[in-house]
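Student: I would like to take a close look at one part of this structure, namely the surroundings of the ligand. Could you please describe that part in detail?

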Amino acid sequence: GQSKEAELNPNRFLNIAHRGASGYAPEHTLASYELGEEMHGDYIEVDLQMTKDGVLIAMHDEKVDRTTNGSGFVRDMTLAEIKKLDAGSWFNKAYPEKAQPQYEGLQVLTLEEVIETFGKGSRYYIETKAPNVYPGMEKELVRVLEKYKLTGQNAQSGKVLVQSFSQESLLKMHRLDSEIPLVQLISYAVPAVISNTELEYMKKYAVGVGMSYTKIDRAYVEKVRSHGLLIHPYTVNDRADMERLIDWGVTGMFTNYPDVLEDVLKNK
Ligand code: G3P
Ligand code: CA
């Protein structure tokens, strides 16, 4: 449809609120996502883990330890157990200068709660994390997206992008629903090099690629774009880095500070 041109057009720069506006509020909570929307993020970034009883939740780590007051693996806990945890107080302790009383007691969100809360007016940039640990994660993701009518024709609008470091996970998504736009994340240990063959292969199933902004240069960005792929580096928090990457031609970026990126874009 018409919005495909809007969101997935390489000339439409995307401000992706990484774990929400996670520079200001506890990542992947309602507070963080709301702030991301208020700060003009185009997408809410949602990392997915799956509970013992098969529910997709918004969490970055496989263990709840870092971002809640609990401990252990998500895969060993039921949703009911996860829901008892406090996903906000850790932030107040870690960042006293940013602490807010309303962050205390925030719950871990399910993917369905996120979509129900923010609705069709928002856009979601969803990552399948540790897909090898959670067989059936992709199928469950497609079920949820279908339930909220975010697949098929609607998927083309770009309201949902699915990203993963796992090519296998993305190929699975592609087989389940070939219309959901996918982004291949790539982890580089050394300065990034990518071949034309790799790029052409990724183009068969993905609309774009993402990688650490610290590993790329202008030539890399130009090469990716010459193949007609979007390029969304992560996680860019400094103004000078944002400006340099925009100058190189990236088509969007992940940031913990969507307000800073919004400001950089306004002053371009
Ligand atoms: O998804 C892009 C970026 O978020 C990948 O790194 O570890 O923050 O999920 P991570
Ligand atoms: Ca992520």
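Tutor: The following answer describes the ligand's surroundings and then turns to two pairs of helices.

The model is predicted. Which residues surround ligand 1? The shell consists of H18, R19, E45, D47, H60, E127, K129, Q163, F165, L185, Y234 and F254. By character, these residues divide into five charged, four nonpolar and three polar.

Several members of the shell place polar side-chain atoms beside oxygen atoms of the ligand. For K129, a polar side-chain atom lies 2.7 Å from an oxygen atom of ligand 1. In the case of H18, the distance from a polar side-chain atom to an oxygen atom of ligand 1 is 2.8 Å. E127 likewise has a polar side-chain atom 3.0 Å from an oxygen atom of ligand 1. On its own, ligand 1 has 280 Å² of accessible area, and the protein covers 90% of this.

Let us now consider the helices. Helix α6 spans residues 137–147 and helix α7 spans residues 167–176. Their axes come within 9 Å and cross at roughly 45 degrees, and α6 and α7 are therefore oblique to each other. The crossing in which α6 passes α7 is right-handed.

The second pair consists of helix α10, residues 239–248, and helix α11, residues 258–266. The axes of α10 and α11 come within 10 Å, with a crossing angle of roughly 50 degrees. That angle makes α10 oblique to α11. The handedness of the crossing between α10 and α11 is right-handed.

Key. Residues numbered from 1 in each chain as written. Chains lettered and ligands numbered in written order. Predicted model: local features only at pLDDT ≥ 70, side-chain atom pairs only at ≥ 80, totals over all residues. Heavy atoms only, no water. Near = heavy atom within 4 Å. Polar contact = N/O pair within 3.5 Å; in protein donor to acceptor, adjacent residues only side chain to side chain. Areas by Shrake-Rupley, 256 points an atom, 1.4 Å probe, with all protein chains shown as cover. Nonpolar A, V, L, I, M, F, W, Y, C, P; charged D, E, K, R; others polar. Axes fitted to C-alpha atoms, helices over the stretch in contact; angles between N-to-C directions. Helix = DSSP H or I, 4+ residues; strand = E, 2+ residues; numbered from the N terminus. Parallel < 35°, antiparallel > 145°, perpendicular 65-115°, else oblique. Left-handed = near helix turned anticlockwise from the far one by under 90°.
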